[in-house]
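Subject: Structure for your review

Dear colleague,

Please find below the structure that I would like to hand over to you. My notes on what was found in it follow.

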Amino acid sequence: MRILPLFILAPLMGCTSLVMSTVMALDDLDPMTADPAGFVVALDVPAPLAMVKDSVVFEFGATRSDTGETQGGTYTLIETRDEQDRVVYRLPPQGVEDIRATQLNATTWTETGGNELSLRVTFDFCRTLETTVPDDIEFSIFIRLAKDAPILPLVRNSRVTEVIDANALNELELCAAP
């Protein structure tokens, strides 16, 4: 079962800042055999924007075509720091175990054909200041696809207005105090 994992790409298809070498690496990824423990997402979001605490969510699902059986789950990613002191988000241990179990079970589905896999990462921005947010702010998204692999740029210096309407930027909630 191979797919182009659109878990991050779907909302960014109009984004002109996609890094094609990373898109190609995603194309080579087999999500049914990739170790979920190695998956990491990092976001570079400049002030006056930040990430809403506990808003980075990973959704994984596999649907068997002949029976409609669906397995998967939704997991709030854990915020940690990597070796370069960059904030990264990774699956919680229970999410890793659940996905491995789904991958193992789905290996028995190969004869059914037409099986579907869905992967998605979502996150929410908040404002760090009450001032007007400029609409030319840029952000970047980085991913790691395997435990011993480097973190790769997926979206580089994309304008926030490619994913959030310019008017909605100033309607974002203020970030909660740390």
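In these notes, strands are DSSP runs of E of at least two residues, numbered from the N terminus. Please bear in mind throughout that this is a predicted model.

I begin with the pocket. The largest pocket has a volume of about 420 Å³. Its lining consists of 18 residues, and A50, M51, V52, K53 and C126 are the closest to the centre. Strand 2 (49-51) and strand 6 each supply at least two residues of this lining. The greatest contribution comes from strand 2, with three residues. In character, the lining of the largest pocket divides into 15 nonpolar residues and three charged ones, with no polar residues.

Strand 6 also takes part in a hairpin. Strand 5 (residues 78-81) pairs with strand 6 (residues 87-90) in the antiparallel sense, over four bridges. Within this pairing, T80 stands opposite V88 in strand 6. Five residues lie between strand 5 and strand 6 in the hairpin, and D85 in the turn has a positive phi of about 65°.

R86 makes a contact with an aromatic ring: this residue lies over the face of F142, at 4.6 Å from the ring centre.

The aromatic residues deserve separate mention. How many aromatic pairs are there? Counting rings whose centres lie within 6.5 Å, the total comes to three aromatic pairs. In one of them, the ring centres of F123 and F125 are 5.6 Å apart and the planes stand at 75°, so this pair is edge-to-face; the cut-off for that class is over 60 degrees. F123 is partly exposed, with a relative accessible area of 23%, whereas F125, at 8% relative accessibility, counts as buried.

F125 also pairs with F139. Their ring centres are 6.0 Å apart and their planes are at 70°, so this pair too is edge-to-face. Because F125 lies in strand 8 (residues 125-127) and F139 in strand 9 (residues 138-144), the pair ties together parts that are 14 residues apart in sequence. Both F125 and F139 are buried. Taken together, F123, F125 and F139 form one aromatic cluster.

When you view the model, you may wish to start with the lining of the largest pocket, including A50, M51 and C126, and then turn to the cluster of F123, F125 and F139.

Yours sincerely,

A colleague

Conventions:
Residues are numbered from 1 along each chain as its sequence is written. This is a predicted model: local features need pLDDT of at least 70, side-chain atom pairs count only at pLDDT 80 or more; totals for chains, interfaces and linings use all residues. Side-chain values use heavy atoms; hydrogens and water are left out. Two strands pair if DSSP finds at least two bridges between them. Rings of Phe, Tyr and Trp (its six-membered ring) pair if their centres lie within 6.5 Å; planes under 30 degrees apart count as stacked, over 60 as edge-to-face and the rest as tilted. Buried means under 20% relative accessible area, exposed over 50%, partly exposed in between (1.4 Å probe, protein chains only). A charge sits over a ring if NZ of Lys or CZ of Arg is within 6 Å of the ring centre and within 35 degrees of the ring normal. On a 1 Å grid over the protein atoms alone, a cavity is a set of points where a 1.4 Å probe fits but cannot get out, and a pocket is an open set with protein on both sides within 12 Å along at least five of seven lines; lining residues have an atom within 4 Å of a point. Grid points are joined across faces, edges and corners, and a volume is the space filled by probe spheres set on the points. Ala, Val, Leu, Ile, Met, Phe, Trp, Tyr, Cys and Pro count as nonpolar, Asp, Glu, Lys and Arg as charged, and the others, Gly among them, as polar.
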